[in-house]
Amino acid sequence: MMISELIKYAKEKYGTSADYPWDKTPKFAVLRHSESRKWYALFMEVKKSVFGLGEGRVWIANIKCNSFERECLIAEGKAFPAYHMNKRLWTSVLVDGSIDIDSLKNLIDQSYDITR
């Protein structure tokens, strides 16, 4: 699963382990800065319908990225204004194979830097 690979990447690069803060959704993971505890990524599974994608569920990563990248991803249908977070500052990126793993790692890096 791509989520576990991204969590492993963050651990190796930034020394941050995933946090699973919600009992009702134990698979939802948060990546936080070690020193400030600020979030830089949230992984969760949501209904596709919240993005107008039809039936079923999809894994997303809520991250912060630069505005140009955000607009490109949204225009390509690979991302949306963030689900369940500030839609102006956060972006929900689909983690369904529509974005390759290296690009997702780059987005994690951007979010880490932006949220410092």
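Which residue in β3 does F43 stand opposite? The residue is A61. The model is a predicted one, and this report describes its sheet, two loop residues and its largest pocket.

**The sheet**

The model contains an open sheet of five strands, arranged in the order β1-β2-β3-β5-β4 with antiparallel pairing. Its edges are formed by β1 and β4 (79-81), each of which pairs on one side only. From one strand to the next, the twist averages 25°.

Strand β2 has pairings with β1 and with β3. With β1, β2 pairs in the antiparallel sense over four bridges. With strand β3 (residues 57-63), β2 is joined by six bridges, and these two strands also run antiparallel. F43 takes part in both pairings: A29 stands opposite F43 in β2, and F43 in turn stands opposite A61 in β3. The residue pairs described for these strands are listed below.

| Residue | Partner | Partner strand |
|---|---|---|
| A29 | F43 | β2 |
| R32 | W39 | β2 |
| F43 | A61 | β3 |
| L42 | N62 | β3 |

In a regular strand, side chains alternate between the two faces of the sheet. In strand β1 (residues 29-32), A29 and L31 point one way, while V30 and R32 point the other way. Both sets of side chains belong to buried residues. The charged residue R32 is therefore among the buried residues of this edge strand, as its relative accessible area is under 20%.

**The β1-β2 turn and R37**

β1 and β2 form a hairpin, with six residues between them. R37 lies in the loop between these two strands. Its phi is near 70°, a positive value in a residue other than glycine. Is R37 buried, exposed or partly exposed? R37 counts as partly exposed because its relative accessible area is 47%, between the limits of 20% and 50%.

**The loop after β5 and D96**

A second loop residue, D96, is found between β5 (91-94) and α3 (101-114). D96 is partly exposed, because its relative accessibility is 45%. The side chain of D96 makes a polar contact of 2.7 Å with the side chain of S98. D96 also comes close in space to a residue distant in sequence: the C-alpha atoms of D96 and W59 are separated by 6.5 Å, although the two residues are 37 apart along the chain. W59 falls within the residue range of strand β3 (residues 57-63).

**The largest pocket**

Rolling a probe the size of a water molecule over the atoms shows where empty space is left. The largest pocket holds about 210 Å³ of space. Its lining consists of 14 residues, and those nearest the pocket centre are T25, F28, M44, Y83 and H84. Which strand gives the largest share of this lining? Strand β2 (residues 39-47) does, with six residues. M44, one of the residues nearest the centre, falls within the range of β2. By residue class, the lining divides into nine nonpolar, two polar and three charged residues. Strand β2 thus appears in the hairpin with β1, in the pairing with β3 and in the lining of the largest pocket.

Conventions: Residues are numbered from 1 along each chain as its sequence is written. This is a predicted model: local features need pLDDT of at least 70, side-chain atom pairs count only at pLDDT 80 or more; totals for chains, interfaces and linings use all residues. Side-chain values use heavy atoms; hydrogens and water are left out. On a 1 Å grid over the protein atoms alone, a cavity is a set of points where a 1.4 Å probe fits but cannot get out, and a pocket is an open set with protein on both sides within 12 Å along at least five of seven lines; lining residues have an atom within 4 Å of a point. Grid points are joined across faces, edges and corners, and a volume is the space filled by probe spheres set on the points. Ala, Val, Leu, Ile, Met, Phe, Trp, Tyr, Cys and Pro count as nonpolar, Asp, Glu, Lys and Arg as charged, and the others, Gly among them, as polar. Buried means under 20% relative accessible area, exposed over 50%, partly exposed in between (1.4 Å probe, protein chains only). Two strands pair if DSSP finds at least two bridges between them. A polar contact is a pair of N or O atoms within 3.5 Å; within protein, one must be able to donate a hydrogen and the other to accept it, and residues adjacent in sequence count only if both atoms are side-chain atoms. Axes are lines fitted to C-alpha atoms, for helices over the stretch in contact, and angles run from 0 to 180 degrees between N-to-C directions.
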